[in-house]
Amino acid sequence: MRIQIPAWLGLVCVCGLISCGNEMESPVSGPTQISLNSPDYFPNNVAMPADNPLTEQGVQLGRMLFYEKKLSADGSISCASCHQQQKAFSDGKQFSFGVNEAKGDMNAMSLSNLHWQNRFFWNGRAKTLEEQAVQPIEDEREMNLPIEEAVKRLEADTKYPALFKNAFGTEDINAELIGKALAQFERTLISANSKFDAWIRNEVELSPEEKLGMELFFTHPDPKLQLRGGNCSDCHLGFLTAGDPNGFTGFHNNGLDAEEHLASGLQSVTGNPFDKGKFKAPGLRNIALTAPYMHDGRFQTLEEVLDHYNDHIQNSPTLDVLILEASNELPDGSDAVKLHLSKDERKAIISFLHTLTDQEFITNPKFSDPFN
Amino acid sequence: MKNLFYTALFGSLLIFSSCKDEEIPATMAINIELEHVLAGQTLELNGKSFTLPSGEDFTPKKFKYYISNVELKNSATGETYVEPESYHLISEDGNKSIDLGMVPSSDYDQLVFSIGVDEVANGKTDQTGDLDPNSDMAWNWNTGYKFLVLEGEFTNSKTSERQGLVMHIGTNANYKTITQNLSGVRAGKSTTLILSSNLDELFLDPNTLQLSELESTTIMFGEMAGKVAENYSDGFITVK
């Protein structure tokens, strides 16, 4: 059986353009509620947290806090030091440097389309964006500032008490409100204007190579039927190319290490040995801008990433079955786990990954440093 | 005016309660709950190993499927309730119930539903809710939806190697409609129906699957997928 391709192309085009942010007039004076500017082909069933509605003032405050160096012990760094807009909010380093050149052991994650995710950090230890947002401030390898001290500094500042009042109706700054404001700003970091998006909206054509790459990306191979695939979308799902937001379903062991070197990953959160070596499957939007790759930044280039998935999968008891079982050739009796994509097919997938780069996202003045 | 309204309301309540043996409420709540069973045990996805009908061990990791186009029928009177927009993604680690809400009262004696997504819905990906194409149930968006997903690992009895099973069944030919008889559903009485999905039935009847003998344990399209669909078309989901 041959899989028909074009049928879907027409269908997806019915997905309209990005919907306009409709600002609702609040009945009483107070922060102005806004909604996210997301395209209608993103999931539309994810509600704003009831206790942290998105407001113009909250987002504005969150943006300032995101770029605020006072939130680090020595005033040298802000969130944006490790999450830089021109790198799709990553930092280009294998491991990030916190205050006093303290070095972490994790690669800084790119931040986009976070509203559609449920668990944060590579090992999923933060349940909500609100909860996540205050952790880097206190982390000794990051900003290393006790949260009470952060609150004191903001209270003593000339601008912040009024900004908190506008956003949350109170000048009493606390950790919870800092988290809420940062989370609001982070939710607005939506990347949905890449070439891939324009293709979804039927505004551009992909090159034959990009299209082949897209098909491989979204296909689990079946060698019996000569159906070729890279099986990437088994874990990097749908239009968001991100992990499954359901509980920990989006966490996988993608074969980076053999059993004896397996990092604990999700196991450190759930305590279940079955979760050893599982990490969050990140969204791949703007992936060409966010090298190096993986939780420990071990790969410098997308070529290395593709070589990994094709040829260097390390087997271990928790290796994901979708990788264990994915091959473009029938089993040859050897126990090596190999995808068997050709060089051109790997190149095509990389071309497709480049269509996920969103120039507007990395230059959008709404996301830039407000102090400049 | 208002008083008159209350009098009328009160009056009707009186009439209603005075003949309660006879009067049947116009609607009744029907809820369906699904239980997942493998080898006579409750399914778990956290690393527990089960024995397949073939005797091979199997550790399931993901189990999901669509139930769609649910209908209730009263074969005596011909009354039928057809649930509108009836697409339900059932998954072991997620939703395992179908709330039909309030349906017209009747002594329904048949439940009709399908496994999969009908041809019309299967040809579109601009859908929301349980058919949101951003979930892992949408295929490489040329091929519609996966109707049933079972993933897990087993030990190959020939090589003793750990091997994966990836069952992703879809395509219109594998959309199967199932009719089950109901007993005990009475007009006006809210009821919860318990259905049992017996995973053993994916591997047997009429087609026996011996995983270690398969040419490839990725079962997605073609003949093998058709065989699994034949297996799930009968005896897989039954009313308890």
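Where in chain A does Asn113(A) lie? In this predicted model, Asn113(A) sits in the loop between α3 and α4 of chain A. Its backbone is a bit out of the ordinary: phi is near 50 degrees, a positive value in a residue other than glycine. Most residues other than glycine have a negative phi, and most peptide bonds are trans.

Two prolines deserve a look on the peptide-bond side. In chain A, the bond from Ala291(A) to Pro292(A) is cis, with omega near -10 degrees. Pro292(A) is found in the loop between β2 (279-280) and α11 (302-311) of chain A. In chain B, the bond running from Asp205(B) to Pro206(B) is cis, with omega near 0 degrees. Pro206(B) belongs to the loop between β12 (191-198) and β13 (218-219) of chain B.

The loop between α3 (79-82) and α4 of chain A turns up again with the salt bridges. Over all chains, the whole structure holds 28 salt bridges. One of these pairs Arg141(A) with Asp105(A), whose closest N and O atoms are 3.2 Å apart. Arg141(A) comes from the loop between α4 (129-138) and α5 (147-156) of chain A, while Asp105(A) comes from the loop between α3 and α4, so the pair ties together parts that are 36 residues apart in sequence.

Now to the place where the chains meet. On the chain A side, 45 residues are in contact with 39 residues of chain B. The size of an interface is often given as the accessible area lost when the parts come together. Here the area buried between chain A and chain B is about 3500 Å², with carbon and sulfur atoms giving 59% of it. What about charged pairs across the interface? The count between chain A and chain B is 1 salt bridge. That bridge joins Asp244(A) to Lys64(B), with the closest N and O atoms 4.0 Å apart. Across the same two chains, 9 residue pairs are in polar contact, both partners being at pLDDT 80 or more.

Which elements of chain A give two or more residues to the side that touches chain B? They are α1 (6-12), α8 (195-200), α9 (208-217) and α12 (321-324) of chain A. The largest share comes from α12(A), with 3 residues. By class, this side of chain A divides into 28 nonpolar, 10 polar and 7 charged residues.

Asp244(A), the salt-bridge partner of Lys64(B), shows up once more in a look at empty space. Rolling a probe the size of a water molecule over the atoms shows where empty space is left. In the whole structure, 6 cavities of 30 Å³ or more are found. The second largest cavity encloses about 90 Å³ of space. Its lining counts 13 residues, and the closest to its centre are Gln117(A), Gly243(A), Asp244(A), Pro245(A) and Lys280(A). Sorted by class, that lining has 5 nonpolar, 5 polar and 3 charged residues.

Pro245(A) crops up in a pocket as well. The second largest pocket has a volume of about 800 Å³. It is lined by 35 residues, and those closest to its centre are Asn45(A), Val46(A), Asn118(A), Pro245(A) and Asn246(A). Both chains have a hand in this lining: α4 of chain A and β6 (87-91) of chain B are the elements that give two or more residues to it. How does the lining of the second largest pocket split by class? There are 14 nonpolar, 13 polar and 8 charged residues.

Terms used: Residues numbered from 1 in each chain as written. Chains lettered and ligands numbered in written order. Predicted model: local features only at pLDDT ≥ 70, side-chain atom pairs only at ≥ 80, totals over all residues. Heavy atoms only, no water. Contact = heavy atoms within 4.5 Å. Buried area = accessible area lost by both parts, 1.4 Å probe. Salt bridge = Lys/Arg side-chain N within 4 Å of Asp/Glu carboxyl O. Polar contact = N/O pair within 3.5 Å; in protein donor to acceptor, adjacent residues only side chain to side chain. Helix = DSSP H or I, 4+ residues; strand = E, 2+ residues; numbered from the N terminus. Nonpolar A, V, L, I, M, F, W, Y, C, P; charged D, E, K, R; others polar. 1 Å grid on protein atoms, 1.4 Å probe; cavity = no way out; pocket = protein on both sides within 12 Å on 5 of 7 lines; lining within 4 Å. Points joined across faces, edges and corners; volume = space filled by probe spheres on them.
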